[in-house]
Amino acid sequence: MKKTVILLLLVLSTKGYSQFAKSMFSKDPIINLENWQKQRLYFGYYLGFNSFDFKFDYKTPPEQDIQVKKTTGFNVGVVADLRLQEYLNLRFEPGLYYTKRDLYFPEVGDLEKDYLREVNSTYIHFPLLLKFSALRTGNIRPYLVGGMSTTLNLSSNSKSKEDNYEGKFRVKPWTAAYELGFGIDIFSEYFIFSPSIRGMFGITDELIRDNPGQPSGYTDNIDSMKSRAILINFTFH
C-alpha cells in the first residue's frame with residue numbers, strides 16, 4: 001500500500017512539474033493571461049525590501065568621512081498601471097517604506113552618545129514611473145523602469161527645536177529623487193508575478209542644520225546630504 005501511495009505521488013509531482021515547465025519554459029509554452037496586459041488600467045500590490053544610504057558632499061574635505069551603517073528595511077504598497085501603448089506603461093506605486101541608518105561622526109567626541117546618531121525613517125513614497133517592456137516571450141516579459149519620486153518622511157524631526165547637541169538629528173520632511181531599474185513579468189495561470197530591482201537617487205538636500213549660535217561639528221561642513229537606496233519589490237497583479 002505504501003509503495004502504491006509513493007508511486008502515485010511521484011507520478012502526480014512529475015506530471016505537475018512537466019505542466020509547469022511546459023507552461024513557463026518550454027519552446028511551445030501554454031500562454032497564460034494572454035490579454036491581461038491589453039487592459040487600459042489594472043492594479044496590483046507589492047512587498048519588498050530596501051537598503052537606504054546617505055550621500056554626503058562636503059564644503060571642505062574632512063580628515064574622516066561620516067560613516068553610514070545600513071540595515072535592511074521593508075516596503076509595502078499598491079500599484080496602478082496605465083497602458084499608454086503596447087510597450088509603454090505609466091505606473092504609480094505609492095507605498096510605505098521603513099528603514100534605519102546609523103551615522104558615525106568620527107570628529108565629534110569620544111562617547112557613543114556624541115558621535116552616534118540613529119536615523120529611523122518611515123517614508124510614504126510616491127513614485128511616478130515609465131515602464132518600457134520588451135517583446136513577450138512565452139510567459140516571460142522583461143522590462144526597464146524609470147521616473148521620478150517624492151517622499152514624505154514621517155520621522156523627520158523637522159519641527160523639533162532641539163538639534164544634535166541635544167541628541168536630535170533632523171531632516172526635511174519632503175525629498176525628491178529619480179529612480180532607475182529593471183524587472184521581469186512572469187505570467188502564471190492566475191496572476192502576474194513581477195520581481196524588480198531599482199536604484200533611488202536623491203536630488204534634494206534633506207539635512208536640517210544645527211541651530212546657529214555655536215559651531216557644529218555635525219552639520220557645519222556638510223554641503224548636502226541626499227538619500228540613495230536599493231529597492232527590491234515583488235509585485236502581484
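For the residue classes below, I count Ala, Val, Leu, Ile, Met, Phe, Trp, Tyr, Cys and Pro as nonpolar, Asp, Glu, Lys and Arg as charged, and the others, Gly among them, as polar. The model is predicted.

**Entry 1: second largest pocket**

I started with the second largest pocket. It holds about 170 Å³ of space. I found 16 residues in its lining. Pro62, Ile66, Glu107, Gly217 and Asn221 lie nearest the centre. By class, I get 8 nonpolar, 5 polar and 3 charged residues for this lining.

**Entry 2: largest pocket**

Next I looked up the largest pocket, with about 290 Å³ of space. Its lining has 14 residues, and those nearest the centre are Glu34, Lys38, Glu86, Arg136 and Arg141. Two elements, β3 and β6, give two or more residues to this lining. I then split the lining of the largest pocket by class: 7 charged, 4 polar and 3 nonpolar.

**Entry 3: cavities**

I moved on to closed space. How many cavities of 30 Å³ or more are there? I count 2.

The largest cavity has a volume of about 70 Å³. Among the residues lining it I noted Phe52, Tyr123, His125, Met200, Glu206 and Ser227. Thr175, Ala176 and Ala177 also line the largest cavity. Which strand gives the largest share of this lining? It is β8, with 3 residues. I see that β6 (116–133), β8 (174–187) and β9 (192–202) each supply at least two. The class split for the largest cavity is 5 nonpolar, 5 polar and 1 charged.

The second largest cavity comes to about 50 Å³. I list Arg91, Glu93, Tyr143, Val145, Ser196, Arg198 and Thr235 as its lining. Here β7 (140–153) and β9 each give at least two residues. The lining of the second largest cavity has 3 charged, 2 polar and 2 nonpolar residues.

**Entry 4: nonpolar surface patch**

Last, I checked the surface. Tyr45, Leu47, Phe74, Val76, Val78, Leu96, Tyr98 and Leu154 make up a nonpolar patch. Together they have about 710 Å² of accessible area. I traced the patch to its strands: β1 (41–58), β3 (72–85) and β5 (95–104) each supply at least two residues. β3 gives the most, with 3.

I picked out Val76, which sits in strand β3. Why does Val76 count as partly exposed? Its relative accessibility is 35%. Partly exposed runs between the buried limit, under 20%, and the exposed limit, over 50%, so Val76 falls in that class.

Methods. Residues are numbered from 1 along each chain as its sequence is written. This is a predicted model: local features need pLDDT of at least 70, side-chain atom pairs count only at pLDDT 80 or more; totals for chains, interfaces and linings use all residues. Side-chain values use heavy atoms; hydrogens and water are left out. Patches are made of residues with over 30% relative accessible area and no salt bridge: like charges are joined within 9 Å, nonpolar side chains (Val, Leu, Ile, Met, Phe, Trp, Tyr) within 5 Å. Accessible areas come from the Shrake-Rupley method with a 1.4 Å probe; for residues, only the protein chains shown count as cover. A salt bridge is a side-chain nitrogen of Lys or Arg within 4 Å of a carboxyl oxygen of Asp or Glu. Helices (H or I, at least four residues) and strands (E, at least two) are DSSP runs, numbered from the N terminus. Buried means under 20% relative accessible area, exposed over 50%, partly exposed in between (1.4 Å probe, protein chains only). On a 1 Å grid over the protein atoms alone, a cavity is a set of points where a 1.4 Å probe fits but cannot get out, and a pocket is an open set with protein on both sides within 12 Å along at least five of seven lines; lining residues have an atom within 4 Å of a point. Grid points are joined across faces, edges and corners, and a volume is the space filled by probe spheres set on the points.
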